[in-house]
Amino acid sequence: MAHRNIPLFIPHMGCPHQCVFCDQRAISGQERFCEDLIPQQLERAVSTVSSDDDCEIAFFGGSFTGIDRGLMIRLLELAESYVQRGVVQAIRLSTRPDMIDREILAILGRYSVKTVELGLQSMNDRVLIASERGHTAECGARACEMVREAGFSLVGQMMIGLPASTVTEELETAERICSLGANACRVYPTVVFHGTSLARMTERGIYRPLTLNEAVERSARVVEVLEKNGVGCLRVGLCASEELTSEARVMAGPNHPALGELVWNEIFYQRLLRLVTENRLLGNLLELRVTKKDLSKAVGQHRCNLERLERETGARVQRICGVEQACVLSLHRIEKKLYEGEHQACI
């Protein structure tokens with residue numbers, strides 16, 4: 001069963017702070033939100049839902065639990081009506097950690113809210129202060145614990161390349177999100193938008209935006225931490241449907257439509273590199289065996305991983321075997337024909 005979200009964006013409503021990186025007031029301010037249009041948007045969206053979809057209505061874009069209480073309840077009741085009709089299975093929402101308390105969680109518990117996503121961004125107070133985030137790391141930790149204690153699935157959201165942040169703080173944030181019991185995580189490399197404080201900091205030389213390569217490398221290391229701890233990464237990079245990726249709005253930073261794919265390419269390249277070096281396969285002619293669903297990640301866009309591997313180690317992958325087993329990634333010297341019965345993909 002395929003998972004699918006029906007996103008409803010509540011732009012910057014309920015948020016008491018203007019973080020240095022945020023431009024939602026400029027590009028999708030409150031004046032663009034019209035409650036009366038939500039039922040029409042939902043009807044159009046649910047008309048495309050298949051009976052095979054595991055579908056949720058998702059309130060994204062602002063701090064859902066910080067908006068006017070009456071509006072929040074009306075939106076929850078509307079979403080709940082679709083759950084009761086069997087059109088969707090659950091509700092999810094995103095919010096700030098300082099907009100979570102037990103009263104709020106009790107309200108959410110009256111409805112079919114399954115998942116609460118918390119915009120933690122960093123678990124380092126120095127980074128949070130530099131980003132003018134308006135809450136502490138301890139506040140984030142308490143919110144995570146309350147969400148889990150209330151029985152909701154927890155998704156942590158974190159950012160790469162914030163002011164004052166290094167890869168050390170980012171890896172520590174990923175570890176902390178895992179230790180706090182997150183079921184999944186979203187990773188957002190920092191993009192500089194026109195009109196933000198971060199744009200002014202960039203112009204004055206106070207902040208240096210990440211290059212695409214830096215964003216890919218640092219995000220890959222964070223995703224590896226999540227994977228190691230059994231926490232799935234739902235997304236790397238901004239979502240185009242939030243209207244945040246337009247070149248007219250982006251001043252600088254790693255704004256790339258396939259950022260997540262590039263990150264997974266990097267993750268698999270590093271795994272291949274470790275296999276070559278640890279098994280002393282430098283300069284050898286090789287066969288790659290990989291789970292079929294991961295084949296494109298291992299090979300990389302336009303065979304970039306294989307070409308880079310040969311360029312950096314002299315090891316050349318001549319044949320690929322896509323196998324059915326999960327989590328298979330191995331390299332073998334080519335000395336005789338492939339094992340009988342293996343699915344073979346020649347490149």
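Student: In which sense do strands E3 and E4 pair?
Tutor: Strands (E, at least two residues) and helices (H or I, at least four) are DSSP runs numbered from the N terminus, and two strands pair if DSSP finds at least two bridges between them. E3 covers residues 90-95 and shares five bridges with E4. The sense of that pairing is parallel.

Student: What kind of model is this?
Tutor: Residues count from 1 along each chain as its sequence is written, and side-chain values use heavy atoms, without hydrogens or water. Local features need pLDDT of at least 70 and side-chain atom pairs 80 or more, while totals for chains, interfaces and linings use all residues, since this model is predicted.

Student: Which residue of E4 is the bridge partner of Arg92?
Tutor: E4 spans residues 113-121, and that's where to look for the partner. Opposite Arg92 you'll find Thr115.

Student: Which strand does E4 join by six bridges?
Tutor: Look at Val116, which stands opposite Leu154. The two strands run parallel, and the partner, residues 153-160, is E5.

Student: How many E4 residues are buried?
Tutor: Buried means under 20% relative accessible area, with a 1.4 Å probe and protein chains only. E4 is mostly covered, and of its nine residues the buried ones number eight.

Student: Why are the buried residues of H12 on the same side?
Tutor: In H12 (residues 304-313), Asn305, Leu306, Leu309 and Thr313 are buried. The arc is taken from the directions from the helix axis to the C-beta atoms. They sit on the same side of H12 because their arc is only 100°.

Key
Buried means under 20% relative accessible area, exposed over 50%, partly exposed in between (1.4 Å probe, protein chains only).
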